[in-house]
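Please open the structure in your viewer and keep the selection panel at hand. The tour below goes from one selection to the next and says what is to be found at each stop.

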Amino acid sequence: MAIESRYKMSQERLEALKAELLFLETDKAKEVAEQIKEARSFGDLSENSEYDEAKSEQGKLYSKIAELKDLIDHAEIVDHVESNNAFAVRLGSRVTVRDLDEGYEETYELVGSQEANPMQGRVSDDSPFGRGLYGHVAGEKVKVDAPAGELHFEIISVEND
């Protein structure tokens with residue numbers, strides 16, 4: 001029996017996925033169907049690049065719809081995860097850390113894997129960095145086993161809602 005994956009995300013992310021799915025199933029699907037219809041009007045389908053392109057677009061659309069349905073069906077809302085320590089890093093925490101090797105400070109938000117965007121300071125709780133911070137409090141020094149090697153950080157502050 002296969003193990004079902006759960007995708008941790010905020011309620012806002014779930015709503016955004018539902019809105020995207022609705023758009024793809026309605027407006028985008030109509031647009032792609034119209035492209036196929038128009039391409040068919042050009043004649044011989046065996047040498048019709050517009051038709052091939054439209055069918056390829058339809059395949060991508062169906063794939064994206066299936067992906068979104070899976071994410072929505074297996075979403076686990078984790079806006080406010082309980083912790084034994086109200087001051088510990090957890091999902092939804094904003095954490096300021098100092099890199100002890102390089103000396104710089106950065107602030108990150110710990111989010112579910114579907115919301116992660118390191119360029120926007122949103123790191124996944126499933127990433128090595130997220131796992132390394134999870135459960136620790138301000139003032140603690142943590143070691144993160146990353147693909148680039150062992151990294152060392154000090155947690156400067158933790159903000160939880």
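Helices here are DSSP runs of H or I with at least four residues, and they are numbered from the N terminus. Keep in mind throughout that the model is a predicted one.

**First stop: helix α1 and K30**

Select K30, which lies in helix α1. With a relative accessible area of 61%, K30 is exposed, because exposure is assigned over 50%. If you then add L14 to the selection and draw a distance between the C-alpha atoms, you will find K30 and L14 24 Å apart in space, with a separation of 16 residues in sequence.

**Second stop: helix α2**

Now select residues 49-73, which form helix α2, a run of 25 residues. From the first C-alpha of α2 to the last the helix reaches 36 Å, close to the 36 Å expected at 1.5 Å a residue. Which residues of α2 are buried? Colour Y51, A54, Q58, L61, I65, L68, L71 and I72, for these are the ones that are buried in α2. An α-helix has 3.6 residues a turn, so residues three or four places apart point the same way. To see what the buried residues of α2 pack against, show β1 (7-9), α1 (11-40) and β2 (75-77) alongside the helix.

**Third stop: the pairing of α1 with α2**

Keep both helices displayed and turn the view until their axes can be compared: α1 and α2 pack at an angle of about 165°, and their axes are 9 Å apart. That angle makes α1 roughly antiparallel to α2, because angles over 145 degrees are classed in this way. The crossing in which α1 passes α2 is left-handed. If you colour the contact of α1 with α2 by residue class, its residues divide into 15 nonpolar, two polar and 10 charged.

**Fourth stop: H74 and A75**

Move on to H74, found in the loop between α2 and β2. H74 has a relative accessible area of 15% and is therefore buried. Its C-alpha atom is separated by 12 Å from that of Q114, although H74 and Q114 are 40 residues apart along the chain.

Next select A75, which lies in strand β2. A75, at 15% relative accessibility, counts as buried. Leaving aside neighbours within four places in sequence, A75 is in contact with R6, Y7, M9 and L14. For a longer view, add R131, whose C-alpha is 20 Å from that of A75, with their positions 56 residues apart in sequence.

**Last stop: F153**

Finally, select F153 in strand β7 (residues 149-159). Is F153 buried or exposed? With a relative accessible area of 4%, F153 is buried. Not counting residues up to four places away in sequence, F153 touches V97, R98, D99, L100, F129, E140, K141, V142 and V144. One of these partners, E140, is 13 residues from F153 in sequence, and the C-alpha atoms of the two are 8.5 Å apart in space.

Technical notes. Residues are numbered from 1 along each chain as its sequence is written. This is a predicted model: local features need pLDDT of at least 70, side-chain atom pairs count only at pLDDT 80 or more; totals for chains, interfaces and linings use all residues. Side-chain values use heavy atoms; hydrogens and water are left out. Helices (H or I, at least four residues) and strands (E, at least two) are DSSP runs, numbered from the N terminus. The expected span of a helix is 1.5 Å times one less than its number of residues. Buried means under 20% relative accessible area, exposed over 50%, partly exposed in between (1.4 Å probe, protein chains only). Contact means heavy atoms within 4.5 Å. Axes are lines fitted to C-alpha atoms, for helices over the stretch in contact, and angles run from 0 to 180 degrees between N-to-C directions. Angles under 35 degrees count as roughly parallel, over 145 as roughly antiparallel, 65 to 115 as roughly perpendicular and the rest as oblique. A crossing is left-handed if the near helix is turned anticlockwise from the far one by less than a right angle, and right-handed if clockwise. Ala, Val, Leu, Ile, Met, Phe, Trp, Tyr, Cys and Pro count as nonpolar, Asp, Glu, Lys and Arg as charged, and the others, Gly among them, as polar.
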